[in-house]
Amino acid sequence: MYSRTIAMMFLMVGFWSCNSDDETNCPEDFTGSLGTGEEVLVGKWQLKAIKAEEALDLTDDDTDNPSKDLFAQYSACQKDAFYTFETDRTYAYEQGKTAEDCENTFSSDGTWRFASNTLNLVSSCSVQSTGLELNEDFTEFTFSVDYKISEVDGSVVQTTLDFTYALLDE
């Protein structure tokens with residue numbers, strides 16, 4: 001549940017603007033050829049790590065065992081998350097689609113642009129911009145987001161989460 005909420009928040013944060021006629025003015029999709037440096041994102045990327053700034057306990061296992069490694073505390077369905085960036089500027093995000101017996105699946109798609117280490121996504125009439133850090137060989141990217149997370153005991157903790165995705169060889 002936490003991973004789905006986090007993923008949905010990441011994808012849906014943006015802005016909606018309306019005019020006086022209550023019509024929604026959606027941002028234009030990104031179009032055109034990929035620019036210099038954008039080709040490094042083309043491909044399928046799998047979630048491989050979620051690290052928290054604060055140690056948290058998200059598991060209902062009757063043991064107080066907080067950890068900064070949130071990925072280790074998630075179920076297979078929560079860990080099952082992928083971004084696919086295409087050369088035509090379309091992207092897809094899917095969660096819980098390839099793991100077995102996932103009840104809460106999620107998907108989103110739209111268009112993308114990557115410039116000055118910032119990934120911009122247009123989806124569902126919104127724009128979301130996130131700074132990415134790519135490793136030296138362009139096989140992993142990481143982004144950070146501030147969240148309030150509920151621990152298993154009900155306490156709410158404000159922390160920064162670092163999400164890391166790895167490029168799949170296909």
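Before we start: buried means under 20% relative accessible area, exposed means over 50%, and partly exposed is what falls in between. Keep in mind that the model is predicted.

**Exercise 1. Find the salt bridge between E140 and K48, say how far apart its two residues are in sequence, and decide whether each is buried or exposed or partly exposed.**

Step 1. Look at the side chains: E140 and K48 meet in a salt bridge, with 2.5 Å from N to O.

Step 2. Now place the two partners. E140 sits in strand 9 (residues 140-150) and K48 in strand 1, so the pair, 92 residues apart, links distant parts of the chain.

Step 3. Apply the cut-offs. E140 has a relative accessible area of 24%, which makes it partly exposed. K48 comes out at 41%, so K48 is partly exposed as well.

**Exercise 2. How many salt bridges does a search of the whole structure find? Work through the ones not yet covered.**

Step 1. The search turns up three.

Step 2. Take R89 and E38. Their side chains meet at 2.5 Å, N to O. R89 is in the loop between strand 3 (81-85) and strand 4 (90-95), while E38 is in the loop between helix 1 (2-12) and strand 1 (43-56), so this bridge ties together parts that are 51 residues apart in sequence. Both R89 and E38 are buried.

Step 3. Stay with R89 for a moment, as it has another partner to look at. R89 lies over the face of W112, at 5.9 Å from the ring centre.

Step 4. Next comes K51 with D69, where the closest N and O atoms are 3.9 Å apart. That still counts, because the cut-off is within 4 Å. K51 belongs to strand 1 and D69 to strand 2 (residues 67-69), and the pair links distant parts of the chain, 18 residues apart.

Step 5. Check accessibility here too. K51, at 40%, is partly exposed, and D69, at 24%, is partly exposed.

**Exercise 3. Are the rings of F143 and Y165 stacked or edge-to-face?**

Step 1. Some context: the count of aromatic pairs comes to twelve.

Step 2. For F143 and Y165, the ring centres are 6.2 Å apart and the planes are at 15 degrees, so the pair is stacked. The reasoning uses two cut-offs: centres within 6.5 Å make a pair, and planes under 30 degrees apart count as stacked.

Step 3. Where do F143 and Y165 sit? F143 is in strand 9 and Y165 in strand 10 (residues 156-167), 22 residues apart.

Step 4. F143 is buried, at a relative accessible area of 3%, and Y165, also at 3%, counts as buried.

Step 5. Zoom out. F143 and Y165 belong to one aromatic cluster, whose members also include W45, Y83, W112 and F141. W112 is the ring that R89 lies over.

Step 6. For another charge over a ring, turn to K79, which lies over the face of F71 at 5.0 Å from the ring centre.

**Exercise 4. Which cysteines form disulfides, and what is the pairing in sequence order?**

Step 1. A search of the whole structure finds two disulfides.

Step 2. C26 pairs with C125, their sulfur atoms 1.8 Å apart. C26 lies in the loop between helix 1 and strand 1, and C125 in the loop between strand 6 (118-123) and strand 7 (126-131), 99 residues apart. C26 is partly exposed at 41%, whereas C125 is buried at 17%.

Step 3. C77 is joined to C102, with 2.0 Å from S to S. C77 is in helix 2 (residues 76-79) and C102 in the loop between strand 4 and strand 5 (106-115), so the link ties together parts that are 25 residues apart in sequence. C102 is buried, at 16%.

Step 4. Handedness: the C26 and C125 link has -100 degrees about the S-S bond and is left-handed. The C77 and C102 link, at -95 degrees, is left-handed.

Step 5. Number the bonded cysteines in sequence order and the pairing reads 1-4, 2-3.

**Exercise 5. Where is L134, and which residues does it contact outside its neighbours within four places in sequence?**

Step 1. L134 is in strand 8 (residues 133-134).

Step 2. Its relative accessible area is 22%, so L134 is partly exposed.

Step 3. With those neighbours set aside, L134 contacts V40, L41, W45, F114, E140 and F141. Among them, E140 is the salt-bridge partner of K48, and W45 and F141 are part of the aromatic cluster.

Key:
Residues are numbered from 1 along each chain as its sequence is written. This is a predicted model: local features need pLDDT of at least 70, side-chain atom pairs count only at pLDDT 80 or more; totals for chains, interfaces and linings use all residues. Side-chain values use heavy atoms; hydrogens and water are left out. Buried means under 20% relative accessible area, exposed over 50%, partly exposed in between (1.4 Å probe, protein chains only). Rings of Phe, Tyr and Trp (its six-membered ring) pair if their centres lie within 6.5 Å; planes under 30 degrees apart count as stacked, over 60 as edge-to-face and the rest as tilted. A charge sits over a ring if NZ of Lys or CZ of Arg is within 6 Å of the ring centre and within 35 degrees of the ring normal. A disulfide is a pair of cysteine sulfur atoms within 2.5 Å. Contact means heavy atoms within 4.5 Å.
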